[in-house]
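Today I want to look at how a pair of helices sit against each other. Sequence and structure go in first.

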Amino acid sequence: MLCPYCKADDDKVVDSRGSEGGSGIRRRRECLKCGRRFTSYERLEEIPVMVLKRNGSRERFDLQKVLNSVKIACRKRPVSQEQIQDLATRVEIQALSSENREISSRIIGDSIISELEQLDAVALVRFSSVYREYSDVDQFVDYIRTLKKVKGQG
Ligand SMILES: [Zn+2]
């Protein structure tokens, strides 16, 4: 994407989130030439990235699910929101650049695990122990919700 300041075509994405309504992605970008930051909006009119789950079903890639699962794993750990956002952005970029616009849930899980390896050992153990059993990020989120409910009732 062209930098609006110096017109260099060399930037990195520093933040990425869905816009309201979910029809687009808002990205904060940093120009690698002049260092200034700008925002881009991308319409998701292209084919969506599908996640192939272990049970053979497919669902649309959902950045929020990645964010939620990592946030849960990093709860009360010395990991900043920015680090979590960066991690999720890298996973998203990997998904968006996948061949045939399809990525397996296992690859997404493995990416999150290798990212957490560099961030926080406790978050890594939390994520990977449940992930291995449940195999899907959204199942992990459901699992943690169940735990919270049980705890809240007791
Ligand atoms: Zn620039």
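My entries on the two helices follow.

Note to self before I start: this is a predicted model.

**The pair.** I looked up helix H2 (residues 81–96) and helix H3 (residues 105–119), and they pack at an angle of about 150 degrees. Their axes are 10 Å apart. H2 passes H3 in a right-handed crossing.

**Who touches whom.** On the H2 side I listed Gln83, Leu87, Arg90, Val91, Gln94 and Ala95. H3 answers with Ile108, Ser111, Ile112, Glu115 and Leu119. Sorting the residues of this contact by type, I get six nonpolar, three polar and two charged.

**H2 by itself.** I checked the length: the 16 residues should span 22 Å at 1.5 Å a residue, and the end C-alpha atoms of H2 are 22 Å apart, so the two agree. Which residues of H2 are buried? I find Leu87, Ala88, Thr89, Val91, Glu92 and Ala95. What do these buried residues pack against? Besides H3, their partners are strand S1 (11–18), helix H1 (63–73) and strand S6 (102–104).

**H3 by itself.** Same check on H3: it has 15 residues and reaches 21 Å from first C-alpha to last, close to the 21 Å expected. Its buried residues are Ser105, Ile108, Gly109, Ile112, Glu115, Leu116 and Leu119. They cover an arc of only 125 degrees around the axis, so they lie on the same side of H3. I then turned to the face of H3 pointing away from that buried side, and there I found Ser114, Glu117 and Gln118 exposed.

Terms used:
Residues numbered from 1 in each chain as written. Predicted model: local features only at pLDDT ≥ 70, side-chain atom pairs only at ≥ 80, totals over all residues. Axes fitted to C-alpha atoms, helices over the stretch in contact; angles between N-to-C directions. Helix = DSSP H or I, 4+ residues; strand = E, 2+ residues; numbered from the N terminus. Left-handed = near helix turned anticlockwise from the far one by under 90°. Contact = placed C-beta atoms within 7 Å. Nonpolar A, V, L, I, M, F, W, Y, C, P; charged D, E, K, R; others polar. Expected span 1.5 Å × (residues − 1). Buried ≥ 20, exposed ≤ 12 C-beta atoms within 10 Å, placed from the backbone. Arc of directions from axis to C-beta.
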